[in-house]
Amino acid sequence: MSCRRGSQGGILTGLLIVAVGLFLLLTQMGFINFHAAWRLWPAALVLFGIARTLDGNSIAQRVWGVTLIVIGGLLFAHYFGHFRFGMDELWPLFVIGGGLSLLFQTYWPGRSGQQYDSLEPGGSLNSVNIFGGTDRKVRDRNFRGGNMFACFGGFQLDLTQAEMDGDTAVIEATAVFGGGEIRVPQAWNVIVEGTGIFGGYEDSTQHTAVQGQGTKTLVVRGAAIFGGVEVKN
């Protein structure tokens, strides 16, 4: 069974990382005035918000996406002189967005009917952590992969009691100024294709074949930028 292609959110995140790298390169080479171009940084929030809105499988995730788009848009207006308030005044919007996301998650948790341990419909997992963190334990029998993202935050994902649907699953795990830890069953084979950029992407697993069971392969890919992602048993 071949690995699934990445999601739209993963593509947007990858493009954003490339754009940031090009910006830093051109700045170091003197082609861009850093202080003038810094006004464009809210584009990162807008792109992350669009990615969450497109990839979100629940109302709570889309609320986070819309929150990021709104904050990024207001900051754009501020830096270009069209809006009075900046980050010093707007940061409570992150708190409001988090509270709204929790409310929607509580009252509309999705078809699974479970708030914490269950997967999204179709066996996929999606988690976004910005200025915060999550600790999830998955016990489902139809795990198919998903997306884990942390920016100025972190995530912990425990799959040691999960069962994979099929022979291969893919997790897109990215940490920007944050960290993540993924725990997998001893019997799973793990392929780590992540990239560390001023950070670390580490495979600390030890594979042990279980007699009578076929080999399950988990592919973990993404990027750790000024942060770290570790996969362990």
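Author: A salt bridge, as the word is used here, is a side-chain nitrogen of Lys or Arg within 4 Å of a carboxyl oxygen of Asp or Glu. The model is a predicted one, in which local features need pLDDT of at least 70 and side-chain atom pairs count only at pLDDT 80 or more, while totals for chains, interfaces and linings use all residues. Residues are numbered from 1 along each chain as its sequence is written, and side-chain values use heavy atoms, with hydrogens and water left out.

Reader: What makes the contact between Arg-183 and Glu-181 a salt bridge?

Author: The side chains of Arg-183 and Glu-181 come together with N and O at 3.1 Å, which lies within 4 Å, and therefore the pair qualifies. Glu-230 and Lys-232 form another salt bridge, their closest N and O atoms being 3.7 Å apart. Glu-181, Arg-183, Glu-230 and Lys-232 are linked in a network of salt bridges, and the search of the whole structure finds eight salt bridges.

Reader: Why is Lys-232 called buried, and why is Glu-230 called partly exposed?

Author: Buried means under 20% relative accessible area, exposed means over 50%, and partly exposed is in between (1.4 Å probe, protein chains only). Lys-232 has a relative accessibility of 19% and therefore counts as buried, whereas Glu-230, with a relative accessible area of 22%, is partly exposed. In the other pair, Glu-181 is buried because its relative accessible area is 18%, while Arg-183, at 30%, counts as partly exposed.

Reader: Which parts of the chain does the salt bridge between Glu-172 and Arg-221 link?

Author: Glu-172 lies in strand 5 (residues 168-176) and Arg-221 in strand 10 (residues 217-221), so the pair, 49 residues apart, links distant parts of the chain, where strands are DSSP runs of E with at least two residues, and helices runs of H or I with at least four, numbered from the N terminus. The N to O distance of this salt bridge is 2.8 Å, and both Glu-172 and Arg-221 are buried.

Reader: How do you know that strand 2 and strand 4 pair?

Author: Two strands pair if DSSP finds at least two bridges between them. Strand 2 and strand 4 (residues 154-158) have five bridges in the parallel sense, and one of the bridge partnerships joins Lys-137 to Asp-158 in strand 4. These strands belong to an open sheet of five strands in the order 2-4-6-12-9, with parallel pairing. The edges are strand 2 (133-137) and strand 9 (200-203), each of which pairs on one side only.

Reader: What makes up the largest nonpolar core?

Author: A nonpolar core is a set of buried Ala, Val, Leu, Ile, Met, Phe, Trp, Tyr and Cys residues joined through side-chain atoms within 4.5 Å. The largest one here has 24 residues, and those with the most contacts inside it are Leu-159, Ile-171, Ala-173, Ile-182 and Leu-218. Strand 5 gives the most to this core, with four residues. A second, separate core of 15 residues includes Trp-64, Leu-90, Phe-94 and Ile-225.

Reader: Why is Thr-67 called buried, and which residues does Thr-67 touch?

Author: Thr-67 is buried because its relative accessible area is 12%. Thr-67 lies in helix 4 (residues 59-79). Contact means heavy atoms within 4.5 Å, and Thr-67 touches Leu-93 and Gly-97, not counting residues up to four places away in sequence.
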